[in-house]
Amino acid sequence: MNIAIINGPNLNMLGKREPEHYGSSTLDEINNQIKSTFTDIDFNFFQSNSESDLINFIHDLKVDYIVFNPAAFTHTSVALRDAIKSINVPFYEVHLSNVHRREPFRHQSFFSDSAVAVICGLGKQGYFSAIQHIIENS
Ligand code: DQA
């Protein structure tokens with residue numbers, strides 16, 4: 001099974017960035033932990049701060065599932081929404097923080113209505129829970 005783990009803007013700053021919201025692990029640490037936990041799965045990890053790079057990456061994907069934290073683009077990007085819908089691959093929307101306990105502009109998502117599931121507020125555990133759900137339901 002192939003799963004893409006995609007992270008949007010500013011998530012390359014994990015570990016340094018607002019740890020009260022996002023925890024103390026870096027993105028590399030999280031991705032390495034994912035790899036070593038689920039050794040039977042082929043992962044394709046991608047992070048970008050650029051909307052167009054994320055869109056182009058998604059267009060070229062050949063995977064069974066996507067676990068996606070669109071970060072700030074969650075709340076703004078019709079273009080990314082259209083990209084992920086264009087490839088017909090089931091995806092899970094993950095947020096480290098509970099966006100519903102934060103500013104009102106974070107309560108809106110351009111992805112949630114198309115996602116298999118939305119996981120928010122569990123920190124890095126959210127990525128693991130999404131993958132676990134894929135394994136148990138595929
Ligand atoms: C985030 C929540 C977004 O509102 C924010 O812009 C992020 C990270 C999260 O993982 O909690 O960059 O997606």
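**Exercise 1. Describe how strand S3 pairs with its neighbours and how its residues are placed.**

Step 1. Strand S3 and strand S4 (residues 91-95) pair in the parallel sense over three bridges, where helices (H or I, at least four residues) and strands (E, at least two) are DSSP runs numbered from the N terminus, and two strands pair if DSSP finds at least two bridges between them. This is a predicted model, in which local features need pLDDT of at least 70 and side-chain atom pairs count only at pLDDT 80 or more, while totals for chains, interfaces and linings use all residues. Residues are numbered from 1 along each chain as its sequence is written, and side-chain values use heavy atoms, with hydrogens and water left out.

Step 2. Within the pairing of S3 and S4, Ile66 stands opposite Phe91, and Phe68 stands opposite Glu93.

Step 3. S3 also pairs with strand S1 (residues 2-7), again in the parallel sense, over five bridges; there, Asn7 has Asn69 of S3 as its bridge partner.

Step 4. For the cover of S3 (residues 65-69), five of its five residues are buried, buried meaning under 20% relative accessible area, exposed over 50% and partly exposed in between (1.4 Å probe, protein chains only). Tyr65, Val67 and Asn69 point one way from S3, whereas Ile66 and Phe68 point the other way.

Step 5. S4 is likewise mostly covered, with five of its five residues buried. From S4, Phe91, Glu93 and His95 point to one side, and Tyr92 and Val94 to the other.

**Exercise 2. Place the strands in the chain as a whole, and decide how compact the chain is.**

Step 1. The chain holds five helices and five strands, and their order along the sequence is β-α-α-β-α-β-α-β-β-α. The radius of gyration, taken over C-alpha atoms, is 14 Å, close to the 14 Å that the globule rule gives for 138 residues, so the chain is as compact as a globular protein of that length. That rule is 2.2 Å times the number of residues to the power 0.38.

Step 2. Along its principal axes, the C-alpha trace spans about 35 × 30 × 25 Å, and buried residues make up 46% of the 138 residues.

Step 3. Among contacts (heavy atoms within 4.5 Å) between residues at least 6 apart in sequence, 76% join residues at least 24 apart.

**Exercise 3. Find the residues with a positive phi, and state where they lie and how exposed they are.**

Step 1. Most residues other than glycine have a negative phi.

Step 2. Glu18, in the loop between S1 and helix H1 (19-22), has a phi near 30°, a positive value in a residue other than glycine. Its relative accessibility is 35%, so Glu18 counts as partly exposed.

Step 3. Asn88 is not a glycine either, yet its phi is positive at about 60°. Asn88 is placed in the loop between helix H4 (78-86) and S4, and with 71% relative accessibility Asn88 counts as exposed.

**Exercise 4. Work out the surroundings of Asn49 and of Cys120.**

Step 1. Asn49 belongs to the loop between strand S2 (42-47) and helix H3 (51-59). With a relative accessible area of 43%, Asn49 is partly exposed.

Step 2. When neighbours within four places in sequence are left aside, Asn49 is in contact with Gly8, Pro9, Asn10, Asn12 and Phe73. Asn49 and Asp60 are 11 residues apart along the chain, and their C-alpha atoms are separated by 18 Å.

Step 3. Cys120 lies in strand S5 (residues 117-120), and because its relative accessibility is 23%, Cys120 counts as partly exposed.

Step 4. Not counting residues up to four places away in sequence, Cys120 touches His95, Ser97, Asn98, Val99 and His100; among these, His95 is one of the buried residues of S4.

Step 5. The C-alpha atoms of Cys120 and Asn69 are separated by 9.8 Å, although the two residues are 51 apart along the chain. Asn69 is the residue of S3 that serves as bridge partner of Asn7.
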